[in-house]
Amino acid sequence: MADTENIKAKMKVSSNPHVRSVMTTRNIMICVIIALLPAFGFGIYNFGIRALLVVGVSVVSCVVSEILFCLICRKKITVGDMSAVVTGLLLGLNLPVSMPVWMTVLGSFFAIVVVKMVFGGLGQNFMNPALGGRAFLVISFPTAMTNFITDAYTGATPLAAIKAGESVDVMSMVIGKTGGTIGETSLICLVIGAAFLLIVGVIDLRVPASYILSFMIFAIAFGGHGFDPAFIAAQLAGGGLMLGAFFMATDYVTRPTTSFGQIVYGIFLGVMTGIFRFFGPNAEGVSFAILLGNLLTPLIERLTRPTAFGYTRKEFRKGGAK
Amino acid sequence: MTKFTFTGGIHPFEGKNLSKDKPIEVMEAGDELVFPLVQHIGAPAKPLVKKGDEVLRGQKIAEAGGFVSACVYSSVSGVVKTIEPRRTVTGDMVESIIITNDHEDRTVEFTGIEDYENAPREDIIKAIQEAGIVGMGGAGFPTHVKLSPKDPDSIDYCIANCAECEPYLTSDYRRMMEEPEKVVEGLRIIVSLFENAHGILAVEDNKPDCIELLRKLTKGDNRISVKALKTKYPQGAERQLIFATTGRKVNSGMLPADVGCIVNNVDTVTAVYNAVAEGIPLMERIITVTGDAVKDPKNIKVPVGVSYAEVLERAGGFNCEPEKIVCGGPMMGFAMFDLERPTTKTSTALLAFKHDDVSAAEPGPCIRCGRCIDVCPGRVMPNKLADYAEHFNREGFVEYGGMECCECGCCSFICPAKRPLTQEIKSMRKMELAARKAKK
């Protein structure tokens, strides 16, 4: 058995299982990037070429921040997992088109370095980096972050208009021909992207569905308009709800990993968004609702951990089989 | 029709087409055979022969070392060359009887129990014990122990595990297609041991021809039925199988008998038939040799004790340089670095792959996607357990149900970050079990 002798040295040995699925972290991130492209494309069409500049700057500065951080800390450079691109894209799509470049760079730096890398990088951040970066910008530069006046849209955003008691055209909100941040306006494009993620199995409906449903119920109960289809539709299509529900609330790292926990988390987000939108001073509430939810994730996860097979919940909590 | 199944699980590439339609071939033994004295769970067997002794095919060469143990038979006639420690597939050095084959095939005369249908229970269990039968799906638990629960009347179901949920393996399938009568008769014998028991042949629905054949054979038998299970890994894991077929739940602190079930692999059931009806001890088994690096994938009936190298040669050898060789299925088998290892009663397959997924993938940090939790058939949180294992946090590990893990490998398979979750959990479980044993 000469060839066995030869092979012996080259044989790879490992613990079981010996096969692995094709889905990798990188593939997942690439799927998310693809899913965001329709909304991004529509943003460029809707707001002009400057939208490309804002999002481009955001993506590049996220990637560069991560590389620099890794270099300075003498760590392995981790941008290959593409998560920095996703963060940059999400942050960019959450900015108004008039955002000054230097602010965008600062926001990206904050998102990657302060929110993600100092906590240990991908998987260790306690809140969504893109939303963390956005929150930082909202607090630091409130005027720039709420300046939605462009050449095309001089009025208030649809949600602000509703808040002020004006009527809005739901149809144009569905298509996206309204003011707002770059990526949030088109319901259709966001839903196309979300459908893609659902089909390839990157996200499931647990968080988005419980989020949107609970928000709808909250809107009917406390929105002040009762069951008014036009109002509900405008609330669903307006603002960052769809972008948030499908692309940011579903962020793996910052949502609970247990299936029941995800539903609890979604309901919490829906209720908080409703409170912020209807009782707060601002028309918007999605990003802060998600950030609050992120903070509760460890608790929700602990309380909703699954019961091992073959036990009742009570038995398992008592310690299971000894 | 609702399919019988469980929660969780994965759908790996099946790869069964490589060897599915290859009829079982019988293989001649080579010049030297190795019989490890531990081919089962329990006490090592004690040799009955010494160096220089002549042995016949079917002669008992080692007797059980206790109740939870099994005897070993020679699968060839020849001379005992020596008794010395040899390395087995798991890497352990195990005391083994080495026999030089004289290629004459002088065989012991086998006599089964003639009227086994009316034979007393004790005689049948004795015959099974004498034949050295162990669980042939891989675990190797002595079958006579399994068939002797504290209260035989409490057994409601005797399940024949015909799921064969491991990808690539087709030996059970061929067994059922070619010797279905023996499978059914073997299960009848087992069912007859328990007054209140009903027999179930549990087959995954990727083998429709098998299901049909077994249904035809069991028609009119009101003590045996065939159940089609959803094709999903690990449908054939004992706890999942019991749940899928009966809706009863077994946890790590229980035995299947506690919920009135006894599960035996299809090969084991056939061995029971051979032992009881024909008096033939366990000295042969079917091994699937397959994978993309094997020239001619096939199912081979091998005399237990031949080396994997010989088995591979029978399948034409490699068609290219393999990166990985696995003994057993791709999900739960052992990686081998040397083919000069003896086959045992529990060898199910020999796989050779051109590419190794595991070494190709670089483990990254957990992204908390939750896929491992979704697929875990034990309904625990592999991501958390692996974290606890990395930090040697025993309390956390046990609190989060680490001991409920059945090491099926679903979590490692599905993990997009390619973390070796199963491996971490497995090591921690071993440490915890060892610590508990030490305490006692």
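Tutor: Two strands pair if DSSP finds at least two bridges between them. Strands (E, at least two residues) and helices (H or I, at least four) are DSSP runs, numbered from the N terminus. This is a predicted model, in which local features need pLDDT of at least 70, side-chain atom pairs count only at pLDDT 80 or more, and totals for chains, interfaces and linings use all residues. Residues are numbered from 1 along each chain as its sequence is written, while chains are lettered from A and ligands numbered from 1 in the order in which they are written.

Student: What makes β3 and strand β5 of chain B a pair?

Tutor: Two bridges join β3(B) to β5(B), residues 60-63, in the antiparallel sense. The definition asks for at least two, so they pair. At one position B:P47 faces B:A62 of β5(B).

Student: In what order do the strands of that open sheet run?

Tutor: The order is β3-β5-β6 in chain B, with antiparallel pairing.

Student: Why do β3 and β6 of chain B stand at the edges?

Tutor: β3 (46-47) and β6 (72-73) of chain B each have a single partner strand, so one side of each lacks a neighbour in the sheet.

Student: How many helices and strands does chain B have?

Tutor: Chain B holds 14 helices and 17 strands.

Student: Why is chain B called as compact as a globular protein of that length?

Tutor: Set its radius of gyration, taken over C-alpha atoms, against the globule rule: 2.2 Å times the number of residues to the power 0.38. The rule gives 22 Å for 440 residues and chain B has 21 Å, which is close, so the description fits. Its C-alpha atoms fill a box of roughly 60 × 50 × 50 Å along the principal axes. Buried residues account for 57% of the 440 in chain B.

Student: What makes B:Y168 count as buried?

Tutor: A residue is buried if 20 or more other C-beta atoms, placed from the backbone, lie within 10 Å of its own (exposed: 12 or fewer; partly exposed: in between). B:Y168 has 29 such neighbours, so it is buried. It sits in the loop between β9 (157-162) and α3 (171-178) of chain B. Its phi is positive, about 75 degrees, although it is not a glycine.

Student: How do you know that A:M82 is buried?

Tutor: A:M82 has 20 other C-beta atoms within 10 Å. The cut-off is 20 or more, so A:M82 qualifies. Its loop runs between α3 (50-72) and α4 (83-93) of chain A. Phi is near 70 degrees, positive in a residue other than glycine. Most residues other than glycine have a negative phi.

Student: Which residues of helix α12 of chain A are buried?

Tutor: A:A234, A:Q235 and A:A237, in a helix spanning 229-237. The buried residues of α12(A) pack against α8 (158-163), α9 (170-175), α10 (187-200) and α11 (206-222) of chain A.

Student: Where is the cis proline A:P17 found?

Tutor: A:P17 is in the loop between α1 and α2 of chain A. The bond from A:N16 to A:P17 has omega near -5 degrees and is cis.

Student: How many residues does the contact take from chain A and from chain B?

Tutor: Chain A gives 40 and chain B gives 58. Contact means C-beta atoms, placed from the backbone, within 7 Å. On the side of chain A that touches chain B, α1 (2-8) and α2 (25-47) are the elements giving two or more residues. The largest share, three residues, comes from α1(A).

Definitions and conventions. Two residues are in contact if their C-beta atoms, placed from the backbone, lie within 7 Å.
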